[in-house]
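This report describes one protein chain, moving from the whole chain to a single helix and then to two individual residues. Please keep the structure in view while reading.

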Amino acid sequence: MENERDGSWFLQCLNQPTLAVSCVLFACLGAFSFGWKTFKRQSLRVRCRFTSAAQEDADVIVVGAGVLGNAMATSLSRDGRRVLLIERDWSEPDRIVGELLQPGGFKALHRLGLEDSLDGTDCHHTHGYVVHNCETNDRVDLAYPIDDVTGSTSEGRSFHHGRFIAGLRRLSKAEKLIEPIQGSVTSLIRKDGTVLGVACRLKDEVNVTEFHAPLTIVADGCFSNLRKTLVSTQARSRSHFAGLLMHNCPQYRPHFAEVVLAYPAPVLVYQISSTSTRVLVDIPGQRMPADPKTYLRENIAPQLPDHLRGSFLEALDTQSVRSMPNSFLPAAPVLQAGVLVLGDAFN
C-alpha cells in the first residue's frame, strides 16, 4: 500500500524540467494576457507599404503561428490592427510537448476570447496532480486551488498539441484583418538600429520577399532562427524528453495528471484525449541514449506504478520513441526598436 502524506517533499522536485513543460502554456498565455492591457495602449496606427506585389498595408508582422503568435495576432486584429501572420507550415503540427494548459492559462484563454480553439479537440479536463515517490512508496494528491468565482476546483485542459494549434489558427484565419502567409522568414530588415520588417521566402518561391511594418513580433518558438540576432544569451540543452502515447491507460485518480519521482529524473503522465495518455520521461544529459527503448524498458518501466507499467511497455513495443530537447533559454533585454521577442523564442 502507498502512504499518503503532505506535499512538502514534493517541493524538492519543482525545478525539474518534466514539471516545467506542463507550465509552458500557462506562462505563455498568462504573460500575454497580463501584458496585453499595456500593449493595447501603445499606438500602432502607422501606415506602411509592403514591397510585395499585393502592395497591402499592415500595422504588425507576427512571425510564427503557434500558441503565442496566434493569440497575439487575433487579439491585435480584434483591436483594429492589420496583421500579417507568417508561418512556415500551416498544416497541423505533431509535437510531444505543449499539451497541458494549467488553470491560469485556461483562464487567460477565456479572457482573450479564444476558448473556442478547444472545440472539437477531445480535450481532457485536469483537476490537479498525483505525485508518486518511488523511493519511499509515498503518494500525495495535489488538487488545483478553489476558484474564487465559481467556488469549485480550478480546471486545466490537456489535449493533442496539434489540435489545439489548429483551433487557434482557425480563429486567426477567420479574422478579416489577419493575412496568413506561408513562408520562412530568413532575416530581419534593419536600418539605423531599427527593425523595419522581415525578409521571407514564400512557399514554392526562390526569391526572397520583403515585408515592412512598424512592429515585428518574433514568436517562432524555441528553435527560432531569429533569436540569436536579438538575444545575447545562448540556449543550452540540459536533458531530453522521451515521449510515448499510451492508449486506454488507467488513471490512478480521474482527471489528475501523475508525476512519478523516478531515478534519475521525474516522469510526467497526463491524459490528452478520451483514449490517449502522454508519458514524458526526462533523460538528463545533452544526448539521448543510443538505444532509448532499452533504456526505458530496463531503467524506467520497473519504477512505474503498477497501473501504468503495462500500458507503458505496450507503447514501447508498438511505437518509436520520440524525443524533444529540454533547453534552457535565458532571457535578455532586446534593445532594438521595432521588434518584440515573445514566448519560447525569448525564454
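Among contacts in the protein between residues at least 6 apart in sequence, those joining residues at least 24 apart account for 72%. The model examined here is predicted. Its secondary structure consists of seven helices and 18 strands. Of the 347 residues in the protein, 51% are buried.

**Helix α3**

Helix α3 spans residues 67-78. From its first C-alpha to its last, α3 reaches 17 Å with its 12 residues, which is close to the 16 Å expected at 1.5 Å a residue. This helix is mostly covered, since 11 of its 12 residues are buried. Among the buried residues of α3 are Val-67, Gly-69, Met-72 and Leu-76. Just after α3, Gly-80 adopts a positive phi of about 95°.

**The packing of α3 and α5**

Helix α3 packs with helix α5, which comprises residues 161-173; the angle is about 20° and the axes lie 9 Å apart. The angle therefore makes α3 roughly parallel to α5, because angles under 35 degrees count as roughly parallel. The crossing of α3 past α5 is left-handed. On the side of α3, the contact is made by Val-67, Asn-70 and Thr-74. On the side of α5, Phe-164, Ile-165, Leu-168, Arg-169, Leu-171 and Ser-172 take part. By character, the residues of this contact divide into five nonpolar, three polar and one charged.

**Two individual residues**

Thr-121 is located in the loop between α4 (103-111) and β5 (124-126). Is Thr-121 buried or exposed? Thr-121 has a relative accessible area of 2%, and it is therefore buried, as buried means under 20% relative accessible area.

His-307 belongs to helix α7, which covers residues 306-318. The C-alpha atoms of His-307 and Tyr-252 are separated by 7.2 Å, although these residues are 55 residues apart along the chain.

The table gives the place of each of the two residues and its contacts, not counting residues up to four places away in sequence.

| Residue | Place | Residues touched |
|---|---|---|
| Thr-121 | loop between α4 (103-111) and β5 (124-126) | Arg-163 and Phe-164 |
| His-307 | helix α7 (residues 306-318) | His-132, Cys-249, Pro-250, Gln-251, Tyr-252 and Glu-258 |

Phe-164 appears in two parts of this account: it is touched by Thr-121, and it is one of the α5 residues in the contact with α3. Tyr-252 is likewise named among the residues that His-307 touches.

Methods
Residues numbered from 1 in each chain as written. Predicted model: local features only at pLDDT ≥ 70, side-chain atom pairs only at ≥ 80, totals over all residues. Heavy atoms only, no water. Axes fitted to C-alpha atoms, helices over the stretch in contact; angles between N-to-C directions. Helix = DSSP H or I, 4+ residues; strand = E, 2+ residues; numbered from the N terminus. Parallel < 35°, antiparallel > 145°, perpendicular 65-115°, else oblique. Left-handed = near helix turned anticlockwise from the far one by under 90°. Contact = heavy atoms within 4.5 Å. Nonpolar A, V, L, I, M, F, W, Y, C, P; charged D, E, K, R; others polar. Expected span 1.5 Å × (residues − 1). Buried < 20%, exposed > 50% of the residue type's maximum accessible area, 1.4 Å probe, protein only.
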